Amino acid sequence: MTRSAVPPVAMQARDGCSVLGERVAGLCFGDLGTDVRVCAAQCVLDGLGVGIAAAGEPAVGAVRSVVLADGGRGTARLWGTSELAPARDAALVNGTAAHALDFDDVSPAMGGHPTVPVLPAALALAEELGTGGPELVTALVAGMETEIRVGAALGTAHYRRGFHTTATAGTLGAAAAAARLLRLSADRTATALGIAATHAAGLKSMFGTMCKPLHAGKAAAAGILSARLAAAGFDSARGALEGEQGLLRTLSDAPEPAALHTPFGDPWHVTGVLFKYHASCYLTHASIEAALAVREQGLDPSAVDTAEILISPDHIGVCDIPEPRTGLEGKFSVRFATALALATGRTDESAFTDAGVSDPGLSGLRERVVTVSSDRLDRYQARVTVRDRAGRTWRAEADAGTPSWTRSPVEQSARLAAKFDALVAPVLGPHRASALRERLLADPGDPPSAAELAALTGPGAAR
């Protein structure tokens, strides 16, 4: 009798929820190399920085007021304040805050923002559970590695179809982190991921509104709910990801399910996270960098006649608001962001204001900026060509698609620390901001516990 060959699909016969559930439940702090631990600490630093800085944003204030009006003091810190809330409510508020400035990190593999759905869920639940530093970092990495794989499996077609991957894949990442903190079995973790899959939602049509940061908060809160329901015996469909009417086929025209099955560490996606140094949509960053390079060549901004930006078609429907009316919309206008960089050389949070987008000088320069899309460019590449009134031409190009380190992620710590201090010191004061930064970056082998972080993320003792 001839033995038949095993079909290639047999390697993926087990459903993605089960595979990811095993990897999440089995992950240990000792599995994480130094680079992974350093990058995880940097994600925490950056996520807390942008979240604390946004504590006073209207969107965050609105969500916080609703949560506090519902009552229930809870045990989890609302970042940048002295208030406490139940873990799920804190995750909703802090997730919204972490994405409110649109100054948070990006994963090219995921096609979204990896830290903001996961960190708020992990830290809020860890505070409630009294979790130590190594367990918290392990859960954070488990969540980020899960959501990035789900985002990659959804593929670029998911995003182009109109879904916000931070909201959809992020819900599963938050669930994975929460399941790890609750020490759920592999089977129960798989169930939590299935529950999270039916929560996953978020529309790109909301970009430029308060609903975009709410996506991250909702994903964080739904992740905690999903894990807790799984712990309580709730069930879900194991075809939640790859089934006929599962997440991948329902929300993507061209899913790539093989991405779900790549082992943790092959690769570690957390080491490829890209951090923002401009307070706008990440797809504007290459254009900003190219514009800054043109400015450094000696261009007189007041002499600009026309400016052309060559960008990927991926920008269309994401950061192409032609005439932004608010600072928030300005973050999603590559024309405004480029004009801002050319005119001022400043693209930090204070530059994207309602007054800025309506400034006659900036809006006049924005009107002279033209965008041209090209399939030859990657989504994180841009070329800027400026012509001045004297007939001279200035050119530069940039690629924002790779991490800002080569040999070790420690190389980017100084720049992230400067960003953190600028964001957090005005809210918590220089001393507390410095203490939080130093503790996070001190020793990747000895990460701070949830209680330590909670004590430093508000203006004073909350308990």
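## Two helices that cross

A crossing of two helices is called right-handed if the near helix is turned clockwise from the far one by less than a right angle, and left-handed if it is turned anticlockwise. With that in mind, welcome to this predicted model, where H1 passes H8 in a right-handed crossing.

Helix H1 covers residues 16–26 and helix H8 covers residues 186–199. Their axes lie 7 Å apart, and the packing angle is about 125°. Angles from 65 to 115 degrees count as roughly perpendicular and those over 145 as roughly antiparallel, so H1 and H8 are oblique to each other.

Who takes part in this contact? On the H1 side you will find Cys17, Ser18, Leu20, Gly21, Glu22, Val24 and Ala25, and they meet Ala186, Thr189, Ala190, Leu193 and Gly194 of H8. Sorted by character, the residues of this contact are seven nonpolar, four polar and one charged.

## A closer look at H8

H8 is made of 14 residues. From its first C-alpha to its last it reaches 20 Å, close to the 20 Å expected at 1.5 Å a residue.

Which residues of H8 are buried? They are Thr189, Ala190, Thr191, Ala192, Leu193, Gly194, Ile195, Ala196 and Ala197. The partners that these buried residues pack against are H1, helix H6 (133–161), helix H7 (165–181), helix H9 (211–231) and helix H10 (247–251).

## Thr189, one residue in its setting

Thr189 is a good place to pause, as a residue of helix H8 that also belongs to the contact with H1. Is Thr189 buried or exposed? Its relative accessible area is 1%, and buried means under 20%, so Thr189 is buried.

If we set aside the neighbours within four places in sequence, Thr189 is in contact with Gly21, Val24, Ala25, Ala179 and Leu184. Among them, Gly21, Val24 and Ala25 are H1 residues that take part in the contact with H8.

## Another crossing, H13 with H15

Further along the chain, helix H13 (residues 334–344) and helix H15 (residues 360–367) cross at roughly 120°, and their axes come within 8 Å. That angle makes H13 oblique to H15. Here too the crossing is right-handed as H13 passes H15.

Arg335, Phe336, Ala339, Leu340, Leu342, Ala343 and Thr344 of H13 make this contact with Leu362, Leu365, Arg366 and Glu367 of H15. By character, the residues of the contact of H13 with H15 are seven nonpolar, one polar and three charged.

How values were computed: Residues are numbered from 1 along each chain as its sequence is written. This is a predicted model: local features need pLDDT of at least 70, side-chain atom pairs count only at pLDDT 80 or more; totals for chains, interfaces and linings use all residues. Side-chain values use heavy atoms; hydrogens and water are left out. Axes are lines fitted to C-alpha atoms, for helices over the stretch in contact, and angles run from 0 to 180 degrees between N-to-C directions. Helices (H or I, at least four residues) and strands (E, at least two) are DSSP runs, numbered from the N terminus. Angles under 35 degrees count as roughly parallel, over 145 as roughly antiparallel, 65 to 115 as roughly perpendicular and the rest as oblique. Contact means heavy atoms within 4.5 Å. Ala, Val, Leu, Ile, Met, Phe, Trp, Tyr, Cys and Pro count as nonpolar, Asp, Glu, Lys and Arg as charged, and the others, Gly among them, as polar. The expected span of a helix is 1.5 Å times one less than its number of residues. Buried means under 20% relative accessible area, exposed over 50%, partly exposed in between (1.4 Å probe, protein chains only).
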